[in-house]
Amino acid sequence: LSSRETESLPPELLAHARLASILGVELSAEELEGVQAQLERGGASPESQLDASIGLRRLTETGILVRHRGGRLGFRHSLLRDTVYQAVPPAERDAIHRAAYDYYLRQEHLPDNQRLPQMAFHAERSDRKDEAGRLYLDLANRALARHAYLEAELLFRNAMENLPDADNAGQIAASKGRGLMRFRLGRHEGALKDL
């Protein structure tokens, strides 16, 4: 699907595609609806009056979205998602990331393995770097406990990129964690630099 094809979508459907691209790799109608409600509470008027489930169903029918396990939806290709994401004006993107962070913050019924990565991602994208750094550090330690070393290395890196330089304890913990993960993955030169 090219940018020409996405431009041929009706405006209401294009608005759903834009919102879906910002929410992440996978999403549900409930999440889309929740973020839309959060945007409305924040004073943003929705671009689309379509019900979230109807909009997502139509996007699936056009082939833009595909159904994944557990009924969740995602873009057919990550490149397509990136293209739609980049077409969203930066100010609108920031507002949606802030609304998504606030939405996931309140969703305590969701398991942490679904909620916390979303919170970290949207915190990072909405300039809540301190919060993103703390969340990524927590997620990295959880991945380490599961022996998911590659995932933990990436999460420790994300923590280092988001924690403020003044947070010595956080930076040291993230650097030490990434070094340990690199060592366990056989990347000894990088591990030595971190450690």
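Arginine 184 lies in helix H10. This arginine belongs to a predicted model of a chain with 195 residues, of which 46% are buried. The chain holds 11 helices and two strands. The points below start with the chain as a whole and then turn to single elements and residues.

**The chain as a whole**

- Read from the N terminus, the order of elements is α-α-α-α-β-β-α-α-α-α-α-α-α.
- Along the principal axes, the C-alpha atoms occupy a box of roughly 55 × 35 × 30 Å.
- Among contacts with a separation of 6 or more, 54% join residues 24 or more positions apart.
- The exposed area of the chain is about 10,500 Å², and 52% of that area comes from carbon and sulfur atoms.

**Helix H7 and its surroundings**

- Helix H7 covers residues 112-125, which makes 14 residues.
- From its first C-alpha to its last, H7 reaches 19 Å, close to the 20 Å expected at 1.5 Å a residue.
- The buried residues of H7 are Arg115, Leu116, Gln118, Met119, Ala120, Phe121, His122, Ala123 and Glu124.
- The cover over these buried residues includes helix H2 (11-23), H5, helix H6 (90-106), helix H8 (129-145) and H9.
- After H7 comes aspartate 127, which has a positive phi, near 60 degrees.

**Arginine 81 in helix H5**

- Arginine 81 sits in helix H5, residues 78-87, and H5 is among the elements that cover the buried residues of H7.
- With a relative accessible area of 15%, arginine 81 is buried, because the cut-off for buried is under 20%.
- Leaving aside residues up to four places away in sequence, arginine 81 touches Ser21, Gly24, Val25, Phe75 and Phe121.
- One of these, Phe121, is also a buried residue of H7.
- For another, glycine 24, the backbone oxygen is 3.2 Å from a polar atom of the arginine 81 side chain.

**Helix H10: arginine 184 and isoleucine 172**

- Helix H10 spans residues 168-184 and contains isoleucine 172.
- Arginine 184 has 42% relative accessibility and so counts as partly exposed, a class that lies between 20% and 50%.
- Not counting residues up to four places away in sequence, arginine 184 touches Leu144 and Tyr149.
- Between the C-alpha atoms of arginine 184 and aspartate 102 the separation is 36 Å, with their positions 82 residues apart along the chain.
- Isoleucine 172, at 57% relative accessibility, counts as exposed because the cut-off for exposed is over 50%.
- The C-alpha atom of isoleucine 172 is 8.8 Å from that of methionine 160, and the two residues are 12 residues apart along the chain.

**Helix H9 and a nonpolar surface patch**

- Helix H9 is made of residues 149-162, and leucine 154 is found there.
- Leucine 154 is partly exposed, with a relative accessible area of 39%.
- Together with Leu150 and Leu185, Leu154 forms a nonpolar patch on the surface.
- The accessible area of the three leucines together is about 250 Å².
- H9 is also one of the elements over the buried residues of H7.

Terms used. Residues are numbered from 1 along each chain as its sequence is written. This is a predicted model: local features need pLDDT of at least 70, side-chain atom pairs count only at pLDDT 80 or more; totals for chains, interfaces and linings use all residues. Side-chain values use heavy atoms; hydrogens and water are left out. Patches are made of residues with over 30% relative accessible area and no salt bridge: like charges are joined within 9 Å, nonpolar side chains (Val, Leu, Ile, Met, Phe, Trp, Tyr) within 5 Å. Accessible areas come from the Shrake-Rupley method with a 1.4 Å probe; for residues, only the protein chains shown count as cover. A salt bridge is a side-chain nitrogen of Lys or Arg within 4 Å of a carboxyl oxygen of Asp or Glu. Helices (H or I, at least four residues) and strands (E, at least two) are DSSP runs, numbered from the N terminus. Buried means under 20% relative accessible area, exposed over 50%, partly exposed in between (1.4 Å probe, protein chains only). A polar contact is a pair of N or O atoms within 3.5 Å; within protein, one must be able to donate a hydrogen and the other to accept it, and residues adjacent in sequence count only if both atoms are side-chain atoms. Contact means heavy atoms within 4.5 Å. The expected span of a helix is 1.5 Å times one less than its number of residues.
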